[in-house]
Amino acid sequence: MAESPFGPPELWRHDDLVAVSREFDTDLVLQAYRCGLFPMPARGGLMGWWSPLDRAVLPLDGLRVTRSLRKMAHRYEVRVDTDFEGVLAGCGDPRRPDGWIDGSVRRVYRALHDAGTVHSVEAWTADGELAGGLYGVSVGGLFAGESMFHRPDIGRDASKVALVALVDLLREAGGDARLLDVQWATPHLQSLGVVEVPRPHYLRLLAAALPLDPPDWTPGPRPARAPEA
């Protein structure tokens, strides 16, 4: 694992928030992911660097797909990296409660998307409207999910469909050590199969995942597949 600019993990605070900084750029963000942290704004205009004591991950063989979700999946076309800006805008909608995607986050993640490190998975309606999706950071065998959204008027279950497609894409890439990180568990995510692991265990999973090759992020539609139960 890369040497951490935040110091060795055994010296980190016993808290989800490990550090804060005024610096926030693409290089520091990538170093953070490789070392088991992720950024999210803190108070006072500072950037927080977080490594939850209980980290939420989605085992690729543990995704739970309901019968209703399998039916809904056929209503959408899934695409990769065809409207990252639309997904970023949907995830960063200021009307969403507890929103944290501010201007600096948008700037840095746009740059990382342009560099081929940040990717979006999108669910589109038959009429060609973006109904929902997700985005995150891909480094080696790690995919760090950052945010997901759906449009309630046209996109029921659209973000879940995008998640199913993401898991399918990661499975296709192979490697038992591949890691899908979702930061913190919520009841919604746990209903989909997300589990929590202690920070030291997450860091071991990360060390095993990073040497793997990244998935195929070729932009465009994904082949239609029936989600597994």
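**Note on strand E8 and its surroundings**

1. In strand E9, phenylalanine 143 has leucine 180 as its bridge partner. This is a predicted model, and the pairing just named is one of the contacts that tie E8 to E9. E8 and E9 run parallel and are joined by three bridges. Strand E9 covers residues 179-183, while strand E8 covers residues 142-150. A second partnership links alanine 144 to aspartate 181 in E9. From E8 the chain passes through helix H5, residues 158-173, before it reaches E9, and this β-α-β crossover is right-handed.

2. On E8 there is also the pairing with strand E7, residues 130-139. Here the sense is antiparallel, and eight bridges are involved. Within this pair, leucine 134 is set opposite methionine 148 of E8. The two strands form a hairpin with two residues between them, and glycine 140 in that hairpin has a positive phi near 60 degrees. Strands of a sheet can pair in the parallel or the antiparallel sense, through backbone hydrogen bonds.

3. The wider setting is an open sheet of eight strands with mixed pairing. The strand order is E10-E4-E9-E8-E7-E6-E5-E11. Strand E10 (195-198) and strand E11 (220-221) are the edge strands, each paired on one side only. In the order given, E8 stands between E9 and E7.

4. Is E8 enclosed by the rest of the structure, or open? Eight of its nine residues are buried, so the strand is largely enclosed. The cut-off for a buried residue is a relative accessible area under 20%.

5. The largest pocket holds about 710 Å³ of space. Its lining consists of 30 residues, and those nearest the centre are Arg96, Glu146, Ser147, Met148 and Leu189. Which strand gives the largest share of this lining? E8 does, with seven residues. At least two residues each come from E7, E8, H5, E9 and helix H6 (187-191). By type, the lining residues are 16 nonpolar, eight polar and six charged. Met148 thus appears twice in this note: among the residues nearest the pocket centre, and as the residue opposite leucine 134.

6. Arginine 178 belongs to the loop between H5 and E9. Its relative accessible area is 9%, so it counts as buried. The C-alpha atom of arginine 178 is 4.8 Å from that of glycine 141, although the two are 37 residues apart along the chain. Leaving out residues up to four places away in sequence, arginine 178 touches Leu60, Gly140, Gly141, Leu170, Ala173, Leu212, Asp213, Pro214 and Pro215. Gly140 in this list is the hairpin glycine with the positive phi.

7. Aspartate 168 lies in helix H5. With a relative accessible area of 18%, aspartate 168 is buried. Its C-alpha atom and that of leucine 60 are separated by 8.3 Å, with their positions 108 residues apart along the chain taken as the separation. Leu60 is also one of the residues touched by arginine 178.

8. Two residues other than glycine deserve a check of their backbone angles. Most residues other than glycine have a negative phi. Glutamine 183 is not a glycine, yet its phi is positive, at about 75 degrees. Its place is in strand E9, and a relative accessible area of 4% makes it buried. Aspartate 81 also has a positive phi, near 55 degrees. Aspartate 81 sits in the loop between strand E5 (77-80) and helix H3 (84-91), and at 14% relative accessibility it is buried.

9. Where is serine 51 found? It is in the loop between strand E3 (47-50) and strand E4 (54-57). Is serine 51 buried or exposed? Its relative accessibility is 0%, so it counts as buried. Apart from residues up to four places away in sequence, serine 51 touches Trp12, Asp15, Asp16, Val18, Gly36, Leu37 and Arg199.

Conventions:
Residues numbered from 1 in each chain as written. Predicted model: local features only at pLDDT ≥ 70, side-chain atom pairs only at ≥ 80, totals over all residues. Heavy atoms only, no water. Buried < 20%, exposed > 50% of the residue type's maximum accessible area, 1.4 Å probe, protein only. Pairing = 2+ DSSP bridges. Right-handed = clockwise from strand over helix to strand, strands pointing away. Contact = heavy atoms within 4.5 Å. 1 Å grid on protein atoms, 1.4 Å probe; cavity = no way out; pocket = protein on both sides within 12 Å on 5 of 7 lines; lining within 4 Å. Points joined across faces, edges and corners; volume = space filled by probe spheres on them. Nonpolar A, V, L, I, M, F, W, Y, C, P; charged D, E, K, R; others polar.
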